[in-house]
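I sat down with this one and a cup of tea to look up a few things. Here are my notes, in the order I went.

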Amino acid sequence: MTTARPAPDAVDPEAVESELQRVGRELAAAFPSSSRQPLRAFDARAMELATGDQELRAALFRFVDVVPACRSLDDLAHHLTGFLGEVGETPPPLAAAMRISHTRAGRAALGAAAAGGVRHLAHRFIVGESPQSALPTFRRLWNGGVASSVDLLGEATVTQSEADRYAARCNDAIAVLSRATAGWPTRPRLEADGSGPVPRANVCAKVSALTPLLAPEAPRRGQDDAARRMRPLLRAAHEAGAHLHIDMESLDSREAVLDLVLELLSEDEFAAGPSSGLVLQAYLRDSPDQTERIVAWARQRSAAAPPLTVRLVKGAYWDHELVQARQHGWEVPVFEDKADCDRNFEALSRRLLDAGSSLRVAIGSHNLRSVAHAIAYNRVSGGEDVDLELQVLRGLGDDLAHALAARGFRVRAYCPVGDLVAGMAYLVRRLLENTSNESFLSAQAQGASVQELLAAP
Ligand SMILES: Cc1cc2nc3c(=O)[nH]c(=O)nc-3n(C[C@H](O)[C@H](O)[C@H](O)COP(=O)(O)OP(=O)(O)OC[C@H]3O[C@@H](n4cnc5c(N)ncnc54)[C@H](O)[C@@H]3O)c2cc1C
């Protein structure tokens with residue numbers, strides 16, 4: 001079990017900062033050299049082009065959005081040249097590509113190249129069309145010391161039959177993963193912590209995909225509809241010894257999702273499990289209140305259940321929340337200064353770790369400082385490394401995952417599975433994140449020093 005921690009006030013912030021700097025430098029030194037991965041370097045160039053030019057960035061995002069709806073290569077090239085035509089000054093390689101689009105053969109060639117580019121980019125983030133087809137990737141990760149979490153792509157369903165199909169895919173993922181992972185070699189670091197066994201099979205689901213009825217003005221209807229699909233999933237996860245994690249989406253569904261998960265897990269049937277979890281978004285100004293609510297809930301939960309896993313992230317819908325609030329004249333619910341968001345992330349990491357063994361803490365970030373801070377605080381406040389999970393997104397956090405695994409930390413890669421159409425919203429969010437000027441990954445790609453990357457926000 002987790003050792004008793006000192007009172008939060010008794011933890012010396014200077015000791016945490018100095019441990020953070022040490023851990024951060026060790027991890028940075030364990031990053032694989034990107035020069036050995038030419039394809040990744042190529043993606044980085046493409047991302048760099050898009051980061052530098054806001055108009056081009058917007059045009060490329062609009063293009064990525066329409067790709068799945070295109071019927072032919074001609075159609076793809078038509079859209080690409082249409083979007084790029086709106087950009088004031090097109091970079092020379094793209095201007096040359098557009099010149100060939102005046103003939104049918106040229107358009108077909110351009111369309112094929114564009115479709116290939118999007119597919120290549122998508123495959124960096126999306127590991128397979130189905131859990132079954134992605135098994136070799138999960139096994140490779142496991143062999144390399146990295147656990148995985150399967151995210152079934154698909155969000156905001158509009159019909160009951162779509163929601164039924166999504167629930168069936170989640171159910172299938174639980175079955176396929178539990179069967180396959182049973183035969184994997186033992187990896188003690190990945191499958192147990194101070195609270196007990198950590199399931200090998202780990203599946204993430206989105207509530208908006210489990211019901212078409214989720215609406216902020218009438219949350220109960222959506223919650224009841226989602227609950228009738230979530231209960232069988234919780235049962236299946238319990239029987240199979242798998243973990244079920246509920247992702248968090250935009251703010252308009254946050255209350256409904258949080259209420260639903262805590263209500264369902266409070267039902268007698270789930271008093272002894274399964275292992276389950278939810279997500280806390282640190283970019284929300286009211287996230288400290290949500291944290292207190294979750295900590296209080298976890299403390300009073302029956303000791304027969306595995307501790308609730310809380311994945312702390314900054315939040316993937318920052319642009320959406322900002323634009324929506326400004327459009328409606330609402331108070332902006334997210335921090336507008338990146339440093340405020342980062343400081344809140346560190347404060348919430350400490351709060352969750354201070355909650356002790358009633359929670360399992362998972363830090364979902366690619367930011368070396370945010371990750372090193374959680375590791376350092378956990379150590380300085382008396383915790384064991386094994387009681388902290390570090391999570392990354394496949395395709396964005398691969399190098400960090402490698403470095404963490406090499407240093408013996410418990411690390412999990414979040415791996416989206418599904419087809420390209422279902423993956424478009426996911427892909428666009430990852431592109432937005434990767435090419436935003438304020439993102440840690442952009443700073444890293446632009447060659448910021450370790451000292452800069454580890455500087456206090
Ligand atoms: C395993 C995993 C699972 C995830 N699951 C979810 C999920 O369920 N729901 C979800 O919403 N997100 C999820 N995310 C995405 C996550 O919220 C972040 O978008 C992403 O990880 C980038 O944050 P970072 O710490 O890696 O990078 P950083 O570069 O340090 O932070 C980028 C983030 O900072 C915030 N930000 C950017 N600009 C500003 C600004 N001007 N002011 C204030 N804040 C700003 C945004 O949240 C942005 O995403 C997940 C991430 C991981 C790794």
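Entry 1, strand pairing. I started with D151 and looked for its bridge partner in β4, which turned out to be C204. Keep in mind that I'm working with a predicted model here. I then checked the strands themselves: β1, residues 147-152, pairs with β4 in the parallel sense, over two bridges.

Entry 2, the other neighbour. I followed C204 onward and found H245 as its bridge partner in β5. The pairing of β4 with β5 (residues 243-246) is parallel too, and I noted four bridges for it.

Entry 3, which way do the residues of β4 point? I went through residues 202-205: N202 and C204 point one way, V203 and A205 the other way. I also checked burial, and all of them are buried.

Entry 4, the ligand. I looked up what surrounds the ligand and got 31 residues, with V313, C341, G364, S365 and F440 coming nearest. Sorted by class, the shell has 13 nonpolar, ten polar and eight charged residues.

Entry 5, where does the shell come from? I found that β6 (275-281), β7 (308-313), α15 (338-354) and β9 (388-393) each supply at least two residues. β9 gives the most, with three residues.

Entry 6, domains. I pulled up the domain assignment: domain 1 is 11-33 + 128-453, and domain 2 is 54-123. Eight residues from domain 1 and seven residues from domain 2 make the contact. On the domain 1 side I noted six nonpolar, two polar and no charged residues. I also looked up the C-alpha centres of domain 1 and domain 2, which lie 34 Å apart.

Terms used:
Residues are numbered from 1 along each chain as its sequence is written. This is a predicted model: local features need pLDDT of at least 70, side-chain atom pairs count only at pLDDT 80 or more; totals for chains, interfaces and linings use all residues. A residue is near a molecule or strand if its C-beta atom, placed from the backbone, lies within 6 Å of it. Ala, Val, Leu, Ile, Met, Phe, Trp, Tyr, Cys and Pro count as nonpolar, Asp, Glu, Lys and Arg as charged, and the others, Gly among them, as polar. Domain bounds come from an automatic or database domain assignment. Two residues are in contact if their C-beta atoms, placed from the backbone, lie within 7 Å. A residue is buried if 20 or more other C-beta atoms lie within 10 Å of its own, exposed if 12 or fewer, and partly exposed in between; C-beta atoms are placed from the backbone. Two strands pair if DSSP finds at least two bridges between them.
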